[in-house]
Amino acid sequence: MSRSRVTVVLSQAPGKHPAKRALEESVVAALLLEPDLEVSVVPNLYDLGPDHSGRLFLGGVKGDMVVLSWLYPRAAFWLLDRDGIKGHFGETQLKAASDDDDEAEADTPVDKPEAIGPSGEIPDRHIYTLDLRDSNKHEAFVAEIKRITAECRDRRDTKARERAANKAPVLQLGLSLSKPEPELPPEQRAFTPEAMLAPAGRRWYPVIDYSRCTNCLECLDFCLFGVYGVDSIERILVENQDQCKKGCPACSRVCPQQAIIFPEYKSPAIAGAETGAAVGGLKIDLSRLFGGDMGDALGAAVQERDRELQNDGRAAVGMSVGIPKRQADKPAGPKDDLDRLVDDLDNLGL
């Protein structure tokens with residue numbers, strides 16, 4: 001796979017919904033005609049296990065990449081990051097029509113706590129994630145990918161000129177100093193749609209958005225199923241994803257920064273939509289996020305956790321475990337709406 005070309009990967013919807021399949025096939029057919037693109041198809045990103053050929057292929061892509069999926073862009077990007085497929089977040093211009101109503105709110109400046117950011121070294125490439133639900137016309141996605149391709153080409157050309165300006169001349173003596181790109185093993189080569197139609201097993205686990213996560217460890221305290229852990233530098237991570245209870249998003253509801261994503265949950269805020277990005281400064285309508293106020297969200301999280309505990313044959317714990325106040329050894333900061341809510345609940349003796 002050449003770094004000078006943009007790789008486009010379409011992640012198929014789970015199941016075989018005819019309208020979704022038709023859109024996927026139309027997008028792929030149109031993109032295959034574009035000379036500057038390498039086009040591949042993989043099953044649903046969320047369902048790919050660590051040894052799946054689709055995951056191995058994604059891990060072999062070195063240059064700029066566009067990923068189309070039936071997930072919110074933020075969810076898809078951090079899902080890839082979790083799988084070790086890292087890059088800089090590429091800004092896209094394709095938006096769903098309903099997003100226009102949220103523009104004013106999204107542009108409101110909000111003071112947010114400093115996030116810990118992604119771990120490890122970020123490769124010098126961009127990853128653009130497009131939501132296939134944003135349009136039912138394949139032309140919209142083709143046009144946006146063409147725009148992205150031109151943007152990537154301009155960025156590469158600019159960097160090449162900068163390197164050339166700073167590079168001393170080299171006497172080559174008739175020999176090429178560039179190394180040919182090695183041949184990729186079969187499992188990392190591009191796939192055809194026909195080769196990738198077999199669905200993977202359905203999965204359920206949280207994905208952490210490290211551009212929001214402040215490492216407060218609220219999720220670690222709240223989850224009683226051993227899903228979360230910390231690494232050698234006490235950084236939160238999803239340690240045992242298969243211990244997560246299918247359909248339960250409780251830990252996402254208690255995260256102060258909405259940094260925990262369940263990409264296929266029915267609520268947009270939990271599934272990774274940008275709505276509610278400013279939870280820390282709270283210029284948002286919480287009823288739009290969770291179908292109620294923050295008290296309802298916290299109560300729902302406790303009920304969900306208790307239900308799963310009882311399904312495991314364990315005792316319900318209600319509000320007695322994993323609810324702030326936490327991290328008493330840390331200096332107190334200014335209270336946000338969630339802190340004030342918990343104080344009110346404590347005062348009520350709940």
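Is Glu304 buried or exposed? I would like to start there, and to say at once that what we are looking at is a predicted model. In this model Glu304 counts as buried, with a relative accessibility of 9%. The residue lies in helix H10, which covers residues 294-311, and, if we set aside neighbours within four places in sequence, Glu304 is in contact with Cys248, Pro249, Ala250, Arg253 and Tyr265.

Let me step back to the chain as a whole. The protein chain has 350 residues, of which 47% count as buried, and its secondary structure consists of 11 helices and nine strands. If we take the contacts with a separation of 6 or more, 73% of them are between residues 24 or more positions apart. The chain exposes about 18,200 Å², and carbon and sulfur atoms supply 52% of that area.

Now to the beginning of the chain. Ser4 sits in the segment before strand S1, which is made of residues 6-11, and Ser4 is partly exposed, at a relative accessible area of 45%. Although Ser4 and Asp36 are 32 residues apart in sequence, their C-alpha atoms are 8.5 Å apart in space.

Asp36 brings us to strand S2, residues 37-42, where six of the six residues are buried. Both faces of S2 are covered, with Leu37, Val39 and Val41 buried on one side, and Glu38, Ser40 and Val42 buried on the other. S2 runs parallel to S1, and six bridges join the two strands; within this pairing, Thr7 stands opposite Glu38 of S2. Together with helix H1, residues 18-31, the strands S1 and S2 form a β-α-β unit that is right-handed.

Next, the nonpolar interior. The largest nonpolar core has 43 residues, and the members that touch the most others are Leu45, Leu58, Met65, Tyr228, Ile236 and Phe262. Several elements give two or more residues to this core, including helix H2 (53-60), strand S3 (65-69), helix H3 (73-82) and strand S8 (236-238), and the largest share, six residues, comes from H3. To take one member of the core, Leu45 touches Ser11, Leu58, Val67, Ser69, Ala76, Leu79 and Leu80, when residues up to four places away in sequence are not counted. There is also a second, separate core of 24 residues, and among its members are Val6, Leu10, Leu37 and Phe141.

Finally, the cysteines, which may interest those of you at the bench. How many disulfides does the structure hold? The number is zero. Cys219 is in no disulfide, and the nearest cysteine sulfur, which belongs to Cys216, is 6.4 Å away, whereas a disulfide would call for two sulfur atoms within 2.5 Å. Cys219 counts as buried, at 10% relative accessibility. Cys223 is likewise in no disulfide, with the nearest cysteine sulfur, that of Cys251, lying 6.1 Å away. Cys223 has a relative accessibility of 17%, and it counts as buried because the cut-off for that word is under 20%.

To close, I return to the residue we began with: Glu304 in helix H10 is buried, and its contacts include Cys248 and Tyr265.

Notes:
Residues are numbered from 1 along each chain as its sequence is written. This is a predicted model: local features need pLDDT of at least 70, side-chain atom pairs count only at pLDDT 80 or more; totals for chains, interfaces and linings use all residues. Side-chain values use heavy atoms; hydrogens and water are left out. Helices (H or I, at least four residues) and strands (E, at least two) are DSSP runs, numbered from the N terminus. Buried means under 20% relative accessible area, exposed over 50%, partly exposed in between (1.4 Å probe, protein chains only). Two strands pair if DSSP finds at least two bridges between them. A crossover is right-handed if, with the strands pointing away from the viewer, the path from the first strand over the helix to the second runs clockwise. Contact means heavy atoms within 4.5 Å. A nonpolar core is a set of buried Ala, Val, Leu, Ile, Met, Phe, Trp, Tyr and Cys residues joined through side-chain atoms within 4.5 Å. Accessible areas come from the Shrake-Rupley method with a 1.4 Å probe; for residues, only the protein chains shown count as cover.
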